[in-house]
Number of protein chains: 4
Amino acid sequence: MSYQYSIILGNLGNTCDRFCKGYKDNPSSPEMLSRALAAMPGISGIELVGTWDIHSGNVKEMKQRLADAGVACASIIPDTFSPKEYGKGTITSRDPAIRKKSLDYLREMSYIALEMDCNIVNLWMAQDGYDYLLAADYDQGREWLKENTQKLAEEFPSLRFALEYKPKEPRNFSYHARMADSILAAKETGCSNVGITIDTGHSFVAGENVAEAVVLAKRAGDMLFHMHFNDNHGSWDDDMIVGTVHFATYIDLLFWLKKTGYNGWISMDQYPYREDAAEAIAESIRWVQHYERLVDAHFDEIDSLIKENDAIRTSRFLRKLVGA
Amino acid sequence: MSYQYSIILGNLGNTCDRFCKGYKDNPSSPEMLSRALAAMPGISGIELVGTWDIHSGNVKEMKQRLADAGVACASIIPDTFSPKEYGKGTITSRDPAIRKKSLDYLREMSYIALEMDCNIVNLWMAQDGYDYLLAADYDQGREWLKENTQKLAEEFPSLRFALEYKPKEPRNFSYHARMADSILAAKETGCSNVGITIDTGHSFVAGENVAEAVVLAKRAGDMLFHMHFNDNHGSWDDDMIVGTVHFATYIDLLFWLKKTGYNGWISMDQYPYREDAAEAIAESIRWVQHYERLVDAHFDEIDSLIKENDAIRTSRFLRKLVGA
Amino acid sequence: MSYQYSIILGNLGNTCDRFCKGYKDNPSSPEMLSRALAAMPGISGIELVGTWDIHSGNVKEMKQRLADAGVACASIIPDTFSPKEYGKGTITSRDPAIRKKSLDYLREMSYIALEMDCNIVNLWMAQDGYDYLLAADYDQGREWLKENTQKLAEEFPSLRFALEYKPKEPRNFSYHARMADSILAAKETGCSNVGITIDTGHSFVAGENVAEAVVLAKRAGDMLFHMHFNDNHGSWDDDMIVGTVHFATYIDLLFWLKKTGYNGWISMDQYPYREDAAEAIAESIRWVQHYERLVDAHFDEIDSLIKENDAIRTSRFLRKLVGA
Amino acid sequence: MSYQYSIILGNLGNTCDRFCKGYKDNPSSPEMLSRALAAMPGISGIELVGTWDIHSGNVKEMKQRLADAGVACASIIPDTFSPKEYGKGTITSRDPAIRKKSLDYLREMSYIALEMDCNIVNLWMAQDGYDYLLAADYDQGREWLKENTQKLAEEFPSLRFALEYKPKEPRNFSYHARMADSILAAKETGCSNVGITIDTGHSFVAGENVAEAVVLAKRAGDMLFHMHFNDNHGSWDDDMIVGTVHFATYIDLLFWLKKTGYNGWISMDQYPYREDAAEAIAESIRWVQHYERLVDAHFDEIDSLIKENDAIRTSRFLRKLVGA
């Protein structure tokens with residue numbers, strides 16, 4: 001095994017939905033960190049959500065905590081999704097003051113990434129999209145998205161900005177919806193330090209084959225910067241434990257990550273609404289590690305199967321993997 | 001026009017999602033009532049959410065307020081969805097204490113319905129379902145659902161309990177998922193005062209043709225008790241203004257409501273995350289009223305079209321409706 | 001292992017789609033039978049499609065062939081889907097001559113079932129549905145469906161008529177769309193010899209949890225008569241080799257088949273467009289047999305897991321099953 | 001109104017699905033042409049399917065027929081989908097002989113386009129994709145797709161090759177699946193005469209907002225070459241009469257076609273399984289013409305609405321359009 005595993009700290013916190021304001025109590029960031037380090041099998045990184053986990057006031061403290069624990073800051077995830085003022089968009093808002101404010105916030109988070117020796121800023125531009133037809137200027141929205149992403153990427157050339165796509169939620173349509181349109185959005189900036197984050201569950205909902213999405217990013221020029229893992233039933237971002245729904249899909253994914261030379265983090269991103277968070281996330285790690293081992297052990301065999309294009313041989317191989 | 005229109009009071013309140021805790025400020029129930037009455041074109045009923053809008057402590061006051069305003073209490077909607085203790089189910093929880101507590105709560109809400117001279121209790125059993133495969137006893141869950149629904153219906157024979165179905169959210173799978181399975185669940189109780197609520201958006205997400213769902217309820221014995229209207233893009237419960245996505249669907253629906261002799265409320269149930277709530281709901285009312293007028297004006301023509309089974313004539317008719 | 005396995009003979013034949021008239025050559029029914037018997041691991045039954053494989057002219061011959069091969073006729077599947085005259089419905093056509101003709105055809109196929117000592121007539125009423133909104137009388141269609149199904153069931157009381165549901169294709173909406181509405185349709189006939197066939201792929205497309213569909217049929221009174229197995233990617237009836245997409249889903253399904261005492265056939269129904277048909281179907285059999293063995297070996301453990309309602313334990317169990 | 005309208009000749013022919021080999025009789029190409037010209041309101045172009053309608057043996061005759069009728073050849077659609085030898089791919093087949101043969105066929109069709117004074121070759125690469133996970137080399141497939149598309153485009157610099165995308169059917173996954181990945185595929189060739197065809201129904205199934213897809217093509221450099229119109233219920237390519245399901249969607253689409261300066265054909269592409277083909281297609285034309293007139297009449301108003309980002313105003317506008 002060769003990947004470095006990480007988790008998102010906030011996944012250990014309270015969970016809610018639009019009906020229930022909280023299924024659990026919310027621990028403090030330091031408490032979540034302690035829990036994570038105690039429970040997780042072999043993680044070497046932590047992703048921190050901006051404002052919640054990290055802000056100008058606690059950077060030094062968090063840096064020390066991670067150092068003490070011997071883990072890296074895997075990414076900074078700016079909180080572009082929870083402030084109500086961003087409800088109709090951040091850097092694509094029609095209000096110039098909101099565009100400026102949110103860009104300034106992204107700058108602040110980028111400085112923090114630098115201070116944390118972290119080179120991934122994970123941009124989930126969740127509010128940048130629209131809800132109703134005939135009520136949004138798609139072209140202007142994408143133009144602002146391009147301009148401001150470009151400014152950020154040019155101002156922080158040593159950071160890698162990873163666009164995390166998702167077809168919908170919280171907006172009915174997101175601008176960064178799928179792998180291919182996010183590649184186009186990244187390329188529009190002309191900045192090679194703008195790339196993509198795959199969240200496996202977002203990809204399932206998008207109707208993509210996630211392994212093929214990896215190939216799209218490779219062909220566009222090594223544009224896969226970051227990976228978020230979780231599972232769902234296919235129609236919605238259920239944010240479940242990896243491997244409780246899909247199986248072959250993850251083998252295909254891990255195979256193509258290896259084949260395309262992906263060398264970023266393998267990070268868990270789930271939302272354990274009603275489960276013990278630390279245990280649920282630890283389960284996901286164990287599943288992905290199992291897939292990684294399977295792919296390591298059978299790499300040449302899979303490489304041959306994909307060239308043979310014979311569903312029957314592939315079926316036999318999959319049966320072998322599950323002991324049948 | 002012959003239907004009575006109503007709204008859900010809480011739709012005028014704050015909206016949130018699992019990322020943003022509130023896109024707006026939350027008015028008090030009396031404030032929402034004032035706004036509703038001022039803004040809505042021709043409503044004669046209000047649905048009240050249990051605990052939020054109405055509880056043992058304010059029944060008399062709310063009754064007076066509605067009386068003063070000249071509107072009826074269209075339904076009571078017990079809050080089975082927001083308390084964290086109901087996260088893994090109410091009357092289907094594996095914890096007998098939760099089953100008892102939630103049944104008692106439903107009894108309390110039923111008494112309040114009686115006091116409010118309201119004969120519809122709208123049961124959206126949102127937490128009664130499951131998330132993961134191989135982690136739920138579907139048969140036992142349905143058995144508890146049957147037993148407790150039956151108890152409630154037998155104890156309050158003058159009330160009508162309307163099961164509001166939805167395929168998922170907040171659980172990955174709901175027990176009351178679609179029209180037909182909810183009819184089966186209602187029939188299992190053996191109580192004729194258990195029937196169904198259609199929420200148009202839930203039906204769209206379920207992959208049903210909502211007009212055919214009306215027919216299923218009719219054939220099962222006049223089991224359609226209540227109607228909630230909203231719109232969405234088809235894959236999720238976006239809870240939008242009626243008519244901003246679908247058009248022909250609503251004509252078909254209003255036609256079959258009339259043809260099957262539906263005589264319940266026409267109520268709006270939407271979730272105007274980022275819109276002015278009163279205006280957004282008023283828009284929905286105007287759309288449904290437009291559909292009702294179209295169906296009234298063209299009833300015989302539509303009745304003839306459905307018998308002719310000729311898509312070309314139907315297309316011509318639809319074009320005529322939109323002035324083409 | 002305790003189930004009897006079978007296949008549909010026609011699955012060994014040519015495959016086509018609406019663009020390509022045939023990806024393969026079409027063997028004769030006797031040739032397909034020889035191939036099936038040679039290639040399949042441990043089947044004891046064959047399903048025959050009416051008119052194609054079996055008709056008044058060859059009943060004795062086919063009966064002898066099956067007898068010689070030592071396999072039973074698992075079901076008769078009347079061909080209600082390929083004659084162009086049935087394009088707008090069979091027993092629900094608005095043309096009384098078509099209704100009569102198709103009912104007579106179903107009677108003829110029922111006599112053949114009796115002659116073949118076969119007690120399952122699998123009714124996939126594929127053309128009975130509609131395509132456009134506002135162009136079908138859903139109530140009249142269901143009434144004809146009920147009347148004619150009832151006639152058939154009453155005339156052949158020793159046969160079991162199994163309604164195979166599917167949400168769409170070839171019609172945009174089918175009357176037998178999902179488990180619950182098909183139970184309602186069966187119950188409308190008042191005949192206890194009308195029940196249901198689950199096709200796993202149809203169930204996936206319907207958005208059901210197929211294991212829960214088994215429970216619905218059990219609770220409605222042992223109404224699951226027959227099982228068709230295949231796999232797909234979730235959004236369409238891709239008719240693939242079992243187990244190449246889903247995994248946990250099948251474990252859950254086999255568990256509930258056993259727990260509810262299902263004692264019918266386990267039959268393969270796939271459509272190997274571009275694969276060697278016999279090998280592709282044999283793969284599916286091997287997968288289902290694997291699931292059956294897993295469930296047999298872990299029945300009590302699963303029975304305990306479903307009561308515990310703990311996703312983490314379920315995840316651990318699934319990892320154990322795949323050797324992780 | 002400013003667009004030129006056309007139809008696909010083959011849409012007037014027989015229709016079938018994978019169960020029924022033909023719902024109608026199949027007229028000859030000249031008969032279909034006569035029917036089309038008699039029935040269609042104001043078309044000035046015809047799309048011809050390669051091999052079926054046009055081949056080396058009848059080019060002169062077809063050219064004369066179109067000239068006599070006063071209509072242009074709007075596009076040539078090579079038949080890459082019906083020959084069984086292309087079942088596992090054309091220019092992406094793992095068999096080099098098939099890759100060569102299919103490329104030669106595309107060259108032949110390109111010559112025919114030149115002879116017909118037609119500058120659009122509509123490439124629906126329907127068999128170029130895959131069905132099973134772990135059974136296809138996505139990278140190699142895309143590489144062959146790029147190489148051969150590039151060869152074709154370089155050899156015929158005066159033609160415009162329009163990639164028609166569709167997420168699935170006949171393959172479970174297509175390489176040209178959505179607008180954005182098809183833009184990437186087109187750009188990989190480095191040829192400015194490779195662009196995109198939107199089929200509205202394919203776009204609906206892909207989960208895209210089709211109007212936003214138009215904007216993506218515009219931003220990528222005027223890459224929208226061609227338009228195919230039809231309608232469906234959202235989950236599958238039902239190929240229905242335009243406007244029988246969607247309404248606001250088409251207004252948004254026609255608005256953005258105009259705003260982005262689209263100047264190609266407006267062509268109908270449907271599959272009237274059980275309808276009179278000429279009348280069904282004529283209905284679609286009338287609907288699109290209605291949308292075009294609406295957009296022409298309200299262009300500035302819509303342009304203002306999309307900037308205002310106010311769902312309530314948009315709803316009011318839509319109600320006005322339908323006379324409410």
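The questions and answers below concern salt bridges and the contact between chains D and A in a predicted model.

Colleague: How is chain D related to chain A, and which C-alpha of chain D is nearest the axis?
Modeller: A turn of 180° with a shift of 0.0 Å along the axis lays chain D on chain A, with an RMSD of 0.0 Å. That is the relation of a two-fold axis. In chain D, the C-alpha nearest the axis lies 2.6 Å from it and belongs to D:A180.

Colleague: Through what surface do the copies D and A meet?
Modeller: The contact joins 46 residues of chain D to 46 residues of chain A. Of the interface residues of chain D, 100% are also interface residues in chain A, so the copies meet through the same surface.

Colleague: How much area do chain D and chain A bury between them?
Modeller: On the side of chain D, D:L134, D:E212 and D:R219 lose the most area to chain A, together 19% of what that side buries. Carbon and sulfur atoms carry 57% of the area buried between the two chains, and that area is about 4400 Å².

Colleague: How many salt bridges are counted between chain D and chain A?
Modeller: One of them pairs D:R142 with A:E212, where the closest N and O atoms are 2.6 Å apart. Residue pairs in polar contact between these chains number 29. For salt bridges between chain D and chain A, the count is 10.

Colleague: How do the residues on the side of chain D that touches chain A divide into nonpolar, polar and charged?
Modeller: Helices that each supply at least two residues of that side include α4 (138–155), α7 (210–219) and α9 (277–308) of chain D. The residues of that side divide into 24 nonpolar, 5 polar and 17 charged.

Colleague: Are B:K168 and A:D238 buried or exposed?
Modeller: The two form a salt bridge, with the closest N and O atoms 2.8 Å apart. The pair crosses between chains, from the loop between β6 (160–164) and β7 (173–174) of chain B to the loop between β9 (224–229) and α8 (248–259) of chain A. Both B:K168 and A:D238 are buried.

Colleague: Why does D:D222 count as partly exposed?
Modeller: D:D222 forms a salt bridge with D:K218, the closest N and O atoms being 2.8 Å apart. D:K218 has a relative accessible area of 33% and is partly exposed. Partly exposed lies between under 20% and over 50%, and D:D222 counts as such because its relative accessibility is 48%.

Methods. Residues numbered from 1 in each chain as written. Chains lettered and ligands numbered in written order. Predicted model: local features only at pLDDT ≥ 70, side-chain atom pairs only at ≥ 80, totals over all residues. Heavy atoms only, no water. Salt bridge = Lys/Arg side-chain N within 4 Å of Asp/Glu carboxyl O. Helix = DSSP H or I, 4+ residues; strand = E, 2+ residues; numbered from the N terminus. Buried < 20%, exposed > 50% of the residue type's maximum accessible area, 1.4 Å probe, protein only. Least-squares fit on C-alpha atoms with pLDDT ≥ 70 in both. Contact = heavy atoms within 4.5 Å. Buried area = accessible area lost by both parts, 1.4 Å probe. Polar contact = N/O pair within 3.5 Å; in protein donor to acceptor, adjacent residues only side chain to side chain. Nonpolar A, V, L, I, M, F, W, Y, C, P; charged D, E, K, R; others polar.
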